[in-house]
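Okay, thanks for coming, everyone. Let me put the model up and walk you through it.

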Amino acid sequence: MKRTAGRGVVIDKGTPDFVTALLGTSFNAQDPGRRPDQIVQANDVEEVIGAVKRARDEGLAIGICSGGHSWAQNHIRDGGMLVDLSRLNSIAINAGQGTAVIGPGCLAGELNAALVKHKLFFPVAHAYTVGMGGFLLQGGFGWSSRACGVACQSVIGIDVVLADGTLVHASETENAELLWAARGAGPGFFGIVVRFHLRLQPRPKFVGMKAQVFRIRHLEAVMAWADRAGPDVAPFVEFQLVFDRKAMGIFAHGIQVLAPVLASSWREARAAVDFIDKSPIRKLASFTLPLLPVSLDMMMKGGERTLFLPNTRWTADSMWMNMPIDPLLPALRHIADTQPASPSHALWLNWNGPAERPDMAFSLEARSYLALYGGLRGKTATPADESWATDHMQALQAHSVGIQLADENLGRRPMPFMAPANLKRLDALRAKFDPEGRFNPYMGRVL
Ligand SMILES: Cc1cc2nc3c(=O)[nH]c(=O)nc-3n(C[C@H](O)[C@H](O)[C@H](O)COP(=O)(O)OP(=O)(O)OC[C@H]3O[C@@H](n4cnc5c(N)ncnc54)[C@H](O)[C@@H]3O)c2cc1C
C-alpha cells in the first residue's frame with residue numbers, strides 16, 4: 001500500500017492487503033474471481049483527479065465504486081484501476097433552499113438521518129448501506145419514488161471528473177448533456193461523479209407500514225389479487241409482495257404483503273391501505289397487521305436484518321412486465337417451489353408509474369416488476385440454488401420488456417435497460433466525453 005501525493009492510497013495486485021481491500025468494497029460476499037491491477041482509495045476530489053490523470057497516462061481502464069452495492073459487482077473487473085470513492089461521503093444540507101450536496105460514498109441511511117433533523121426528505125434507497133453514488137446514477141427506486149419520482153429526477157447538478165482529468169459541473173443549464181446521461185446511465189456512466197447536488201422535499205408527516213402474510217399455497221390467489229388491485233393503489237403506497245421461506249410471523253414459506261406508506265397524515269395513510277383489509281382474499285391470510293407508524297430509519301435497518309443480509313453470496317436478476325400476471329402464475333409457482341432458503345427472496349412490485357417523465361437517460365419502466373434475489377450462506381448451496389435468479393428470469397425473458405439497472409445481471413444475462421434511442425444517445429455522449437474508452441462499459445448489453 002502506498003500513498004502517492006494527490007493521487008490517493010494505491011494498493012497493487014499481489015500485495016498482502018489487496019484481496020481484502022478489493023472484496024471489502026463489495027456488499028455481495030461473492031468472490032467473482034476478477035482482479036483489477038490496482039485499487040486507488042481516494043480521500044478527496046483532488047485525489048480522484050490525480051488518479052484519473054495517472055490512469056490516462058498509463059493507459060489503464062477505470063472501474064468505479066461508491067457504496068459497493070452493485071449485486072453484479074460491476075466495479076470488480078480484470079485489469080486496470082479501481083477507484084474506491086467510499087471516503088467521499090460528505091453531506092451538506094441547505095435547509096433554507098431545500099437542497100443538499102453529497103459525496104458519492106454517502107450512504108442512503110446517513111442521508112436520511114441527516115434530513116430528519118431538518119424535516120426534509122429525499123427518496124433514498126430502501127436499505128441503509130446502499131451508496132448514493134451508484135443508486136442515483138442508475139435511476140434510484142427510492143422510498144416513495146412512485147409519488148415523488150425516481151431519485152435521479154431530483155439530481156439538479158453533478159460535479160464530474162472526465163476521462164482527461166478535468167473537473168466540470170453539469171446542470172440543466174451547463175453541460176446539460178452530462179446531467180442527462182447521469183440521470184440513468186448507471187454502471188455505464190463515462191466519468192466519476194464526485195458530488196451530487198440534490199433537490200429536497202418536505203418530509204411526509206406520516207411514515208408507516210401495513211403488512212399481511214399468507215402461506216405459499218395461496219400464491220395464485222394473492223398474485224392475481226395484487227396484480228388487479230395495483231393500478232388503483234395510491235402512488236404514496238409501495239405495494240409489494242415478497243416470497244420468503246421464513247416469512248414474517250409464520251416462519252414458514254409464505255408471501256408477505258408489505259405496504260410502506262409515506263403520507264401527509266395518518267388518516268390519509270389509513271384510507272390508502274384500506275384495500276388490504278377489504279380484499280376478497282383477506283380470509284386466506286395467516287394474519288394482518290394494522291397500519292403501524294415506523295420510521296424510515298427502522299425500515300431501512302430492518303430490511304438489512306431480515307431480507308438483505310450482508311456476508312451473503314448474492315445473485316439478483318429482474319424483469320419489468322406490462323402484461324397481466326395470470327399467464328405467469330405457473331412460472332411463479334415454479335419460482336416458489338425452487339426458491340433457496342432465506343434470505344433468498346422474490347419481490348413483486350406494483351409500479352404503474354406516470355405517463356411521462358423528464359427527458360433523461362432513465363427511460364425504461366413498466367406496469368409491474370419482478371426481481372429475484374438469490375442469497376446463499378455457507379457452503380451447502382446446489383448449482384440450481386446458485387443460478388435460481390438467472391435461470392428463472394431467463395425462462396420468463398419473452399414476457400419482459402427489460403430490466404432495472406438497480407438489479408442488473410448484465411454480465412450473465414444482457415437485457416434492455418433503456419429505450420433504444422436513449423442508449424444510442426448515451427453511446428454518442430460516451431464517444432464524445434470518453435473517446436479512448438477509459439471508463440469500463442456495461443458488463444453486457446443488448447444492441
Ligand atoms: C441491499 C441492497 C438494497 C438495494 N435497494 C435498492 C433500492 O431500494 N432502490 C434501488 O434503486 N436500488 C437498490 N439497490 C441497488 C443499488 O441502488 C445499486 O446496486 C447501486 O448501484 C448501488 O450503489 P453503490 O454506490 O452502493 O454501488 P457501487 O457498486 O459502488 O456502484 C455501482 C456502479 O455504479 C457506478 N458508479 C458508482 N458510483 C459512481 C460514481 N460516483 N461515478 C460514476 N460511476 C459510479 C459504477 O459503474 C459502479 O460499478 C439495492 C442494492 C442492495 C445491495
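One bit of vocabulary before we start: when I say "domain", the bounds come from an automatic or database domain assignment. And keep in mind that what's on the screen is a predicted model.

So, the layout. That assignment gives us domain 1 (2-84), domain 2 (91-203) and domain 3 (206-407). Look at the second and third of those. The C-alpha centres of domain 2 and domain 3 are 25 Å apart, and in terms of contacts, 32 residues of domain 2 touch 27 residues of domain 3.

Now the inside. In soluble globular proteins, nonpolar side chains tend to be buried together. Here, the largest nonpolar core has 56 residues, and Phe122, Met132, Leu136, Ile158 and Phe189 have the most contacts inside it. Helix H6, residues 176-182, supplies the largest share of this core, with 5 residues. The core also draws at least three residues from each of domain 2 and domain 3.

Let's zoom in on one of those residues. What does Phe122 touch, if we skip residues up to four places away in sequence? The list is Leu111, Leu115, Met132, Leu136, Ala151, Ser154, Leu198, Arg199 and Leu200. There's a second, separate core too, with 44 residues, including Ile216, Val222, Ala234 and Leu372.

Two names on the Phe122 list, Leu111 and Leu115, take us to helix H3, residues 108-116. Its buried residues are Ala108, Gly109, Leu111, Asn112, Ala114 and Leu115. What do they pack against? Three strands, S6 (91-94), S7 (99-102) and S8 (120-121), plus H4, S11 and helix H9 (296-306).

H4 and S11 come up again at the ligand, so let's go there. There are 31 residues around the ligand, and Ser66, Gly68, Asn74, His126 and Phe141 come nearest. For the polar pairs, I'd look at the backbone. Gly131 has a backbone N or O atom 2.9 Å from a ligand oxygen. Phe141 places a polar backbone atom 2.8 Å from a ligand nitrogen, and for Val193 a backbone N or O atom sits 3.0 Å from a nitrogen of the ligand.

How much of the ligand does the protein cover? On its own the ligand has 960 Å² of accessible area, and the protein covers 95% of that. The elements giving two or more residues to the shell are strand S4 (62-65), helix H4 (132-137) and strand S11 (192-199). H4 gives the most, with 4 residues.

Two single residues before I stop. First up is Ile281, which lies in the loop between helix H8 (266-277) and strand S16 (287-293). Buried or exposed? Ile281 counts as buried, because its relative accessibility is 9% and the cut-off for buried is under 20%. Leaving aside neighbours within four places in sequence, Ile281 contacts Phe214, Ala221, Val222 and Trp225. Take Ala221: Ile281 and Ala221 are 60 residues apart along the chain, yet their C-alpha atoms are separated by 7.2 Å.

The other one is Arg54, in helix H2, residues 45-58. Arg54 has 8% relative accessibility, so this arginine counts as buried as well. As for a partner, the side chains of Arg54 and Gln38 are joined by a polar contact of 2.6 Å.

That's my tour. Over to you.

Notes. Residues numbered from 1 in each chain as written. Predicted model: local features only at pLDDT ≥ 70, side-chain atom pairs only at ≥ 80, totals over all residues. Heavy atoms only, no water. Core = buried A, V, L, I, M, F, W, Y, C linked by side-chain atoms within 4.5 Å. Buried < 20%, exposed > 50% of the residue type's maximum accessible area, 1.4 Å probe, protein only. Contact = heavy atoms within 4.5 Å. Near = heavy atom within 4 Å. Polar contact = N/O pair within 3.5 Å; in protein donor to acceptor, adjacent residues only side chain to side chain. Areas by Shrake-Rupley, 256 points an atom, 1.4 Å probe, with all protein chains shown as cover.
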